[in-house]
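Visitor: I'd like a close look at the aromatic rings in this protein and at what surrounds them. Please spell out the cut-offs as you go, since I will want to compare them with my own.

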Amino acid sequence: MELMPGKGLIVKAGGEVSVETILEPKVRRACSFERIYFSRGSDEKIYRERIALGYNLSEQVLNAVNHDLKNTIFSFIPNTAEVAFYGLWKGVDDYLESVKIQRILSWGNDINKDKLVEMLSRKIRVEKVAIKDVKMRTFITEDTSRNEMVQHVYDVTYGTVQKGVDTLVVIDDSIVRGTTLKESIVRMLTRLEPKKIIVVSSAPQIRYPDCYGIDMSKMGDFIAFRAAVELWKERGRESCLQEFYERCKELQRTGQLHTENVAQKVYQPFTDEEISNKVAQLITPPDITTPVQVIFQTIDSLHKACPTNTGDWYFTGNYPTPGGNRVVNKAFMNYMEGKNVRGY
């Protein structure tokens with residue numbers, strides 16, 4: 001059985017076992033990123049949630065390709081994003097079906113077999129554009145071997161893209177560091193010579209560290225954080241980061257490091273789109289000329305897709321316990337001090 005919030009499992013020396021209330025449970029804030037990435041995909045609820053994550057992205061993607069489905073190819077990287085890909089496919093296909101109905105109805109009596117066949121034959125173009133070695137999982141690889149390893153994880157499927165004509169849309173379950181995208185995926189996909197590459201993340205921008213089980217604890221590792229720092233630099237206001245650091249130091253000095261998430265100030269001046277555009281620049285190798293765009297899941301869409309798991313501190317910085325604030329502030333201080341260590 002699952003140990004519920006606020007409960008403790010007590011095992012006495014004589015072998016007696018009991019479950020007792022230790023603390024009054026707070027509002028349930030179970031982890032949503034666990035549902036997106038780590039949970040068993042064969043579970044019915046998790047499968048439906050991942051489908052919904054992809055489906056909810058379809059409108060953003062359609063806008064990004066100017067609704068030109070004739071010259072757009074959809075795919076997914078890595079294999080763990082496959083279910084969200086099916087959801088995206090379904091969302092885009094629902095749009096195409098509605099277009100077909102509207103067009104056919106607009107013809108009135110001006111209809112013939114050839115026109116009807118041409119309209120009904122329009123399909124969403126789906127290809128397996130990249131192949132991943134399933135024995136390798138870059139997310140959980142030691143930092144020292146990640147960069148070397150990502151060069152060898154993927155291979156591309158040739159003959160799938162009309163060069164200079166097709167836009168390539170690939171969905172990933174999350175973009176954490178961006179290392180795999182820059183070092184391997186984007187460079188590999190440009191070999192197909194698409195007109196444009198759009199990378200879609202079924203998770204929102206990962207901005208803050210975890211301290212409850214998933215080892216994502218260094219601010220400098222997150223590409224969304226690095227994007228925000230670059231935006232501060234571009235605007236000539238990098239000194240603000242030092243001000244935030246001093247605020248953390250003051251909180252630490254007074255024993256109040258757990259009372260607020262100072263790192264949220266790093267993102268406040270920028271829109272989600274500004275950070276997404278900067279992420280796209282950061283994941284594009286300097287010698288690549290193919291335009292790259294990045295689309296992230298929104299927080300609202302995340303909660304609609306995963307209504308029972310509302311824990312979203314990776315994305316919003318709203319930690320369910322004071323210890324979360326302490327960890328994120330410590331992680332920010334480590335970054336500013338150039339310390340490559342965990343925040344806990």
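**Aromatic pairs and their surroundings**

Guide: Happily! In this predicted model, the count comes to 14 aromatic pairs, where rings of Phe, Tyr and Trp (its six-membered ring) pair if their centres lie within 6.5 Å, with planes under 30 degrees apart called stacked, over 60 edge-to-face and the rest tilted. Take Y208 and Y267: their ring centres are 5.3 Å apart and their planes stand at 65°, so this pair is edge-to-face. The two rings link distant parts of the chain, 59 residues apart, with Y208 in the loop between β8 and α8 and Y267 in the loop between α9 (239–253) and α10 (272–282). Helices (H or I, at least four residues) and strands (E, at least two) are DSSP runs, numbered from the N terminus.

A word on the ground rules: residues are numbered from 1 along each chain as its sequence is written, and side-chain values use heavy atoms, with hydrogens and water left out. Because the model is predicted, local features need pLDDT of at least 70 and side-chain atom pairs count only at pLDDT 80 or more, while totals for chains, interfaces and linings use all residues.

Back to the pair. Y208, at 2% relative accessibility, counts as buried, and Y267 is buried too, at 3%; buried means under 20% relative accessible area, exposed over 50% and partly exposed in between (1.4 Å probe, protein chains only). F225 and F332 make another edge-to-face pair, 6.3 Å centre to centre with 80° between the planes. Since F225 lies in helix α8 and F332 in helix α13 (residues 322–336), this pair ties together parts that are 107 residues apart in sequence. Both F225 and F332 are buried.

The rings also gather in a group: F33, Y212, W313, Y314 and F315 form one aromatic cluster. Within it, Y314 is a good place to pause. Leaving out residues up to four places away in sequence, Y314 touches C31, F33, Q205, I206, R207, Y208, D210, I214 and M216, a contact being heavy atoms within 4.5 Å.

Y314 and F33 reappear in the largest nonpolar core, which has 68 residues; together with L189, V266 and I283 they touch the most other members. Such a core is a set of buried Ala, Val, Leu, Ile, Met, Phe, Trp, Tyr and Cys residues joined through side-chain atoms within 4.5 Å. Helix α8 (residues 223–234) supplies the largest share of this core, 8 residues. A second, separate core of 20 residues includes V65, V92, L96 and I198.

I198 leads on to the sheet. I198 and I295 are 97 residues apart in sequence, yet their C-alpha atoms are 7.3 Å apart. I295 sits in strand β9 and is buried, at 5% relative accessibility. Beyond its neighbours within four places in sequence, the contacts of I295 include L57, V61, I198 and V200.

Strand β9 belongs to an open sheet of 5 strands with parallel pairing, in the order β4-β3-β7-β8-β9. β4 (125–126) and β9 (292–296) are the edges; each has a single partner strand, so one side of each has no neighbour in the sheet. Strands pair if DSSP finds at least two bridges between them; β8 (residues 196–201) and β9 have 5, in the parallel sense. V199 stands opposite V294 in β9. Helix α4 (residues 82–107) packs on the sheet, touching β3 (72–76), β4 and β7 (167–172). Helix α7 (residues 179–190) also packs on the sheet, touching β7, β8 and β9.

Note on methods
Axes are lines fitted to C-alpha atoms, for helices over the stretch in contact, and angles run from 0 to 180 degrees between N-to-C directions.
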